[in-house]
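Colleague: Before the assignments are accepted, I should like to go through the reasoning behind some of them. Please take each term in turn and set it against its criterion.

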Amino acid sequence: MAVVRDWLQGLSYQLLQGSADKNVEDVVYDSRKAAPDTVFVCMKGARADSHNFIPSVIAAGCRIVVVERPVEVPDDVTVIQVDNGRKALALLSAARFGYPSKKMVTIGVTGTKGKTTTAHMIRTILEACGKKTGIIGTTGIVIGDETIPTVNTTPESYTLQKAFARMAEAGCQYVVMEVSSQGLKMHRVDGITFDYALFTNLSPDHIGPNEHADFQEYLYYKSQIFAQAKIGILNRDDEHYQEIRSYAQCPIYDFSLKTPCDFYADQIEYVAENGFVGVEFSIKGRCDARVRVGIPGLFNVYNALGAFGVASFLNLPEEKAEKALEHIRVSGRMELVYSSDQFSVLVDYAHNAVSMESLLNTLRAYRPKRLVCVFGCGGNRAKDRRYSMGEIGGKLADLCILTADNSRFEKTEDIIRDIKSALIPTGGAYLEIPDRRDAIAYAINHAEKGDMIAVIGKGHEDYQEENGVRRHFLDREVIREVLAQKYAGVQGQGE
């Protein structure tokens, strides 16, 4: 049992009423979880103002509230006013769990693309060197063999601090996390000092209602991770590098594929062999290594180079670190599910035109006999995505197999019709197979020697949504089931 005054250290506040010496056991921001010996933090959001729920939390026995404006409450309630409730929640949560991030080496990864893959690369390198490492990001919170699903790339601060505490208790020495611009803007990572922060790249994204007002605001919040980091590692080749760097308040190290600098990639090779599709390259500068990465594409050279940049500061066994990424698999991110001398199959989360174009161009560099793309588009979403993906598929794939994604409350056939309207004018070859399982099976069972099959759009998602109902569906599992049937139980390589 603590007293709330102890949890308020480092937080600028005004005591409007009552005593700051009351006992407290937990922090809550959901009024339904209010109880005696909790402190309720009020926040005014885009959809709701939790100040309105103060009567119900008091009725539940809560006697400490943190507010952004004066409120009228019974005399026995302690009222603490702060400028920003979200910031207060972050700092109170860190205190409630005993500042767990300070017990581990914290590594934050930010950027528009590549956060998930880069974070997993760092974790893979660390664990290959015997360092127990937790990870937080798009694919969830991972502690050992346990994966806890998350709603946001960077979870709410209370969830984040609770996860840190569980990681520290489980013996994690390191934690690697994706840090989103929204996470920074919404103060979810306030109170955390990152030992290392890495920037991958920046392009327009998350701009609109309830996100960022414009690109400049988006850039600003991305840069703010370097205001709370001890060491920054930046992609020098990104066109916004200088702007991001200008906000940094820590020593900065660069990585590049174009200019000799702290971490420089050289002698890059695209490799496609039986059981392996990826890249091989040398690192020059602050370290000297030859690495092999089991994920295809030039952008994964960037991701791996940034990951090795971080690893170079951690005094790891060089030989183990260099070999760590040869067999890496990141769920739904250029994930090679099967590879043989006949054909290969991979899964990727590409679900818009930009990511689809990047993916297909990347796979083209491996010179497949045919590039086959299995995809659909989500229902009840902007139709522009369907048209742009249809056009990209028609231009860059040798064969598109149009199928269901998450159709939601639309008919899959109607979504396919929209995709076709942009694909047909390109002259590209296509088939319509609305059932996604059947579409994947067709692609595999009709594969020709030298084919590369990309099943895209869902990536790590383990469900398919139709008419408000979600049923289990994971592309990787379906691919393996079809391969098992095709080869009478042989699972295939690349697992």
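Colleague: Which residue follows α15, and what is the sign of its phi?

Modeller: The model is a predicted one. In it, α15 is followed by A488, which has a positive phi, near 50°.

Colleague: How do you know that the span of helix α15 agrees with its number of residues?

Modeller: Helix α15 covers residues 475-486, which makes 12 residues. At 1.5 Å a residue the expected span is 16 Å, and the end C-alpha atoms lie 16 Å apart, so the two values agree.

Colleague: Which residues of α15 are called buried, and what do the buried residues pack against?

Modeller: The term requires under 20% relative accessible area. D475, R476, V478, I479, V482, L483 and A484 are buried in α15. The buried residues of this helix pack against β19 (335-339), β20 (343-348), α14 (436-445) and β24 (451-456).

Colleague: Why is β19 described as largely enclosed?

Modeller: Because 5 of the 5 residues of β19 are buried, the strand is largely enclosed by the rest of the structure.

Colleague: What makes β19 and β20 a pair of strands?

Modeller: Pairing requires at least two bridges. β19 and β20 have 4 bridges, in the antiparallel sense, so the criterion is met. Y338 has V345 of β20 as its bridge partner, and a hairpin of 3 residues joins β19 to β20.

Colleague: In what order do the strands of the open sheet lie, and why are β19 and β23 said to stand at the edges?

Modeller: The 6 strands run in the order β19-β20-β24-β21-β22-β23, with mixed pairing. β19 and β23 (430-432) each have a single partner strand, so one side of each has no neighbour in the sheet. From one strand to the next, the twist averages 15°.

Colleague: What is the sense of the pairing between β22 and β23?

Modeller: Strand β22 (residues 399-402) pairs with β23 in the parallel sense, over 3 bridges. C400 stands opposite Y430 of β23.

Colleague: Which strands does helix α12 touch?

Modeller: Helix α12 (residues 384-396) packs on the sheet and touches β21, β22 and β24. The direction of α12 makes about 160° with that of β21.

Colleague: Which residues touch the most other members of the largest nonpolar core?

Modeller: That core has 73 residues, and those touching the most other members are I107, I125, F281, V293, F375 and I456. Helix α9 (residues 298-311) gives the most to this core, with 8 residues. Apart from it lies another core, of 29 residues, including I143 and F164.

Terms used:
Residues numbered from 1 in each chain as written. Predicted model: local features only at pLDDT ≥ 70, side-chain atom pairs only at ≥ 80, totals over all residues. Heavy atoms only, no water. Helix = DSSP H or I, 4+ residues; strand = E, 2+ residues; numbered from the N terminus. Expected span 1.5 Å × (residues − 1). Buried < 20%, exposed > 50% of the residue type's maximum accessible area, 1.4 Å probe, protein only. Contact = heavy atoms within 4.5 Å. Core = buried A, V, L, I, M, F, W, Y, C linked by side-chain atoms within 4.5 Å. Axes fitted to C-alpha atoms, helices over the stretch in contact; angles between N-to-C directions.
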